[in-house]
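Me: Can you walk me through how the pieces of this model pack together? Here it is.

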Amino acid sequence: MGRAFQNRKESMAKTSDQKAKVYSKYGREIYVCAKSGGIDPNGNLALRSLIDRAKKDQVPTHVIDKAIDKAKGGGGEDFDTARYEGFGPGNTMVIVDCLSDNPNRTFGDVRTCFNKVKCKIGSQGSVSHMFDHSAIFVFAGTDEEAVLEALMMADVDVTDIELEDGKVTVFAPHTDYSKAKTALTDAFGEIEFDVDEIQFVAQNTTEIQGEEVEQFDRFLDLLNDLDDVQRVYHNAEY
């Protein structure tokens with residue numbers, strides 16, 4: 001897959017308002033993950049990964065604990081996942097993942113972001129068929145053969161493995177996320193993952209330049225400013 005995947009772009013929040021948005025997005029995602037898969041990180045690998053990622057992004061412990069306590073209570077908001085697809089500036093392909101308690105509002109807000117950059121939101125499946133939904137793990141290592149053997153022994157359907165600059169990158173189907181992570185930790189102990197998440201990986205990239213870059217960055221800012229938007233995936237290269 002080469003370097004086609006883009007790690008989630010988390011710029012350092014420069015104001016308290018921006019930080020609050022980052023904390024809110026993590027809090028919502030942790031709450032939903034804990035509510036659906038259990039509040040114990042040891043038994044919910046997706047939750048453990050999410051908490052680790054939140055800590056790396058400097059989300060305060062009290063924000064994480066509050067979200068888990070909320071899920072423990074069993075009440076609270078009823079969030080649903082929503083996914084929108086379309087074409088962004090420069091004919092790029094974009095997937096927007098949301099958590100929403102009001103799908104009609106969320107759809108309208110996301111569509112407005114597309115409209116503001118003179119682009120149109122598409123129908124379900126309009127661009128996602130050009131992305132692979134992959135579990136991605138990046139960690140320090142020098143022996144990709146040993147990694148591959150450990151994954152194959154655990155019957156993980158490995159898509160690709162790369163070794164570059166002392167880092168091993170593993171790609172597997174998103175459905176094999178838990179199985180792959182368990183196999184890696186069982187074989188190599190507690191691993192410090194640089195990347196440990198499920199992403200949409202573009203099969204091909206679209207190069208943009210000049211005004212298209214400015215429009216695309218504005219588009220991403222508009223989307224990321226929405227409280228309901230959790231992740232934005234794209235195939236833009238610039």
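Reply: What follows covers the sheets and the helices that pack on them.

Reply: The model is predicted, so to speak of local features a pLDDT of at least 70 is needed, side-chain atom pairs count only at pLDDT 80 or more, and totals for chains, interfaces and linings use all residues. Residues are numbered from 1 along each chain as its sequence is written, and side-chain values use heavy atoms, with hydrogens and water left out.

Me: Sheet with strands 1, 2 and 8: what's the order, and how do the strands pair?
Reply: The order is 1-2-8 in an open sheet with antiparallel pairing. Helices (H or I, at least four residues) and strands (E, at least two) are DSSP runs, numbered from the N terminus. Two strands pair if DSSP finds at least two bridges between them.

Me: Which strands stand at the edges?
Reply: Strand 1 (80–88) and strand 8 (229–234) do; each has a single partner strand, so one side of each is left without a neighbour in the sheet. The twist averages 15 degrees from one strand to the next.

Me: How many bridges between strand 1 and strand 2?
Reply: Nine, in the antiparallel sense, with strand 2 spanning residues 92–100. Thr81 stands opposite Leu99, and Gly86 has Val94 as its bridge partner. The two strands form a hairpin with three residues between them, and Gly90 in the turn has a positive phi of about 75 degrees.

Me: And strand 2 with strand 8, how many bridges there?
Reply: Five, again antiparallel. Asp97 stands opposite Arg231 in that pair.

Me: Is strand 2 buried or exposed?
Reply: Nine of the nine residues of strand 2 are buried, so strand 2 is largely enclosed by the rest of the structure. Buried means under 20% relative accessible area, exposed over 50%, and partly exposed in between, with a 1.4 Å probe and protein chains only. Thr92, Val94, Val96, Cys98 and Ser100 are buried on one side, and Met93, Ile95, Asp97 and Leu99 on the other.

Me: Switching to helices. At what angle do helix 4 and helix 7 cross?
Reply: Roughly 165 degrees, with the axes of helix 4 (residues 103–116) and helix 7 (residues 211–224) coming within 9 Å. Axes are lines fitted to C-alpha atoms, for helices over the stretch in contact, and angles run from 0 to 180 degrees between N-to-C directions. That makes helix 4 roughly antiparallel to helix 7, a word used for angles over 145 degrees.

Me: Which residues make the contact?
Reply: Val110, Cys113, Phe114 and Lys116 of helix 4 meet Arg218, Phe219, Leu222 and Leu223 of helix 7. Contact means heavy atoms within 4.5 Å.

Me: What about the other sheet, what order does it have?
Reply: Its four strands run 4-5-3-6, open, with antiparallel pairing. Strand 4 (160–164) and strand 6 (193–202) are the edge strands, each pairing on one side only.

Me: How many bridges join strand 3 and strand 5?
Reply: Seven, antiparallel, between residues 131–140 and residues 167–173. Ile136 stands opposite Phe171 in strand 5.

Me: Which strands does helix 5 touch?
Reply: Helix 5 (residues 144–153) packs on the sheet and touches strand 3, strand 4 and strand 5, its direction making about 155 degrees with that of strand 4.

Definitions and conventions: Parallel < 35°, antiparallel > 145°, perpendicular 65-115°, else oblique.
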